[in-house]
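Biologist: I'm new to this one. Can you pull it up and walk me through it?

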Amino acid sequence: MMGFEYGRFGRRLARSLLNTLIWGFFCTSAAISWAADDPGVPGVTRNTVMHASASANPANGANARERTETDADRFFRTYMLPGTAVLVLMVGGTLTAVFYPKAETA
Amino acid sequence: MAPKKNAGSADGKRPGQTLPPGKVQASGTLVHGVETLNPAYFALVMSTGIVSIAAHYQGFHTIAAALFGINAAAYIVLWIMYLARIVFFTQRFRNDFRDHTLGMGFFTAVAASGVLGSQTLLLTGRFAVAGALWCVTVALWFCMIYGLFTGLITKEEKPSIAQGINGGWLLAIVATQAVTVLSTAIAPFLHIYREAILFMAFITWLFGGMLYIWVISLIFYRYLFFHFSPHDLTPPYWINMGAVAITTLGGTGLIAGAATSPFLFELTPFLKGFTFFFWATATWWIPMLVLLGVWRHGYRRFPLRYSPLFWGAVFPLGMYTACTHRLAEVTQAPLISAIPKGFVYVALAAWLITFLGMVHGILMGFRASKTSL
């Protein structure tokens, strides 16, 4: 009986860890690939889109002029995106560790 | 933080064997405070933050700065207590997390991080600190919104609507909109990622609005068709208004951001219309909540005693002041600009009374543990 419970517990823990890892890799890779591809859109496409729509409204014109990287942009790409992904992993991992092993006995 | 009863009991035994009585008293009360910490205690930071922002908007810069100092300290202390509770009282944390009435209180940690981030940016202009708080807010929101709801949905034994739902459920909306508000606050600092951040803010704003409609329908149903006593009208019922007020504030941030966002610019009429829709709903709630409060404490004589849940009543008052000020600012709407000038005093008074109640509660906790020795 005890062995059976530990077996179930082990499988449950392994499954939750696997889920956390899959989602963690997914979030991290998405964040890193987005950050690596500078503004998120290939340069040619971006220029074309901005060019085509710049005259449509005043916001477009202002936006096109402001497309230079600021310190805040660098901070966002370097720290905020990976930081958020890491925090998601940490909080998700903590909640999984706290809840899954005892879910049956709670 | 929330000592209410004698704390020099089982938790204080072990240190009591080696430490002098004064230290036993302090550590016993502290341990009891950590063990019984209400999950919604971060409402203290939410409320203080938004009252500070509202005071700043109305020109009370010294008060805003003082509240900012209190808030930063409270945020750090509460995180230490939360983490200590998870480590040392894991079972209590686990029970609270999967409790229909208490679990939603954990969303205050998300909202508190978001409000503190907005407050930091507004009062100090420190982007790095606000950025770090944005990371905490987004990560916590993501984990909580799926973690908490999954925990509650998969629970086999559930309470009835009459027992399970209260205004605290709307903290899920407040947390969601805290992401919107902070995202729209940091967006002007960004150039390359501004559009992406504003788009994310727009999505969370819409989702938060939808979630409000779902949850408030259940709350209204519970109010109108089930037995209702003064005991059922806990202070978080004020979040009925606070959740739409923060949605309004999120909408004002999006309207302001639309001037530099091609995507949002196209949606400006929609943003303005829906922001007014949420503001009107918040405004409708105020007389209703005052009447219910008079019924509870005046007519039915329910004792008015401090509880950490009262911070959930302070937050909407500060939020209504701030959102109305911003709405008048970004839409140039006539008539409403006078409202925050008066409402800010109500918010400040509510904050002060609740803060004094909290200090009194803490002192009484220490005194109770002292007399028990």
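Biologist: How many helices and how many strands does chain B have?

Modeller: Keep in mind that this is a predicted model. Going through chain B, you'll find no strands to trace, just helices. The tally is 15 helices and zero strands.

Biologist: What is the radius of gyration of chain B, and how does it sit against the globule rule?

Modeller: Chain B has 373 residues, and for that length the rule gives 21 Å. The model's own value is close to that, so chain B is as compact as a globular protein of that length. Its radius of gyration is 21 Å.

Biologist: What share of the contacts in chain B links residues 24 or more positions apart?

Modeller: Here we're counting contacts with a separation of 6 or more. Among those, the ones between residues 24 or more positions apart account for 80%.

Biologist: Let's zoom in on a helix pair. Are H6(B) and H9(B) roughly parallel or antiparallel?

Modeller: H6 covers residues 107-124 of chain B and H9 covers residues 171-186, with axes 8 Å apart. They pack at an angle of about 25°. Angles under 35 degrees count as roughly parallel. That makes H6(B) and H9(B) roughly parallel.

Biologist: Which classes of residue make up the contact of H6(B) with H9(B)?

Modeller: On the H6(B) side you'll see residues including Phe107(B), Val110(B) and Leu121(B), and they meet a set in H9(B) that includes Leu171(B), Val174(B) and Ile186(B). Gly114(B) and Ser118(B) are also among the H6(B) residues there. By class, the contact has 15 nonpolar, four polar and no charged residues.

Definitions and conventions: Residues are numbered from 1 along each chain as its sequence is written. Chains are lettered from A and ligands numbered from 1 in the order in which they are written. This is a predicted model: local features need pLDDT of at least 70, side-chain atom pairs count only at pLDDT 80 or more; totals for chains, interfaces and linings use all residues. Helices (H or I, at least four residues) and strands (E, at least two) are DSSP runs, numbered from the N terminus. The radius of gyration is taken over C-alpha atoms; the globule rule is 2.2 Å times the number of residues to the power 0.38. Two residues are in contact if their C-beta atoms, placed from the backbone, lie within 7 Å. Axes are lines fitted to C-alpha atoms, for helices over the stretch in contact, and angles run from 0 to 180 degrees between N-to-C directions. Angles under 35 degrees count as roughly parallel, over 145 as roughly antiparallel, 65 to 115 as roughly perpendicular and the rest as oblique. Ala, Val, Leu, Ile, Met, Phe, Trp, Tyr, Cys and Pro count as nonpolar, Asp, Glu, Lys and Arg as charged, and the others, Gly among them, as polar.
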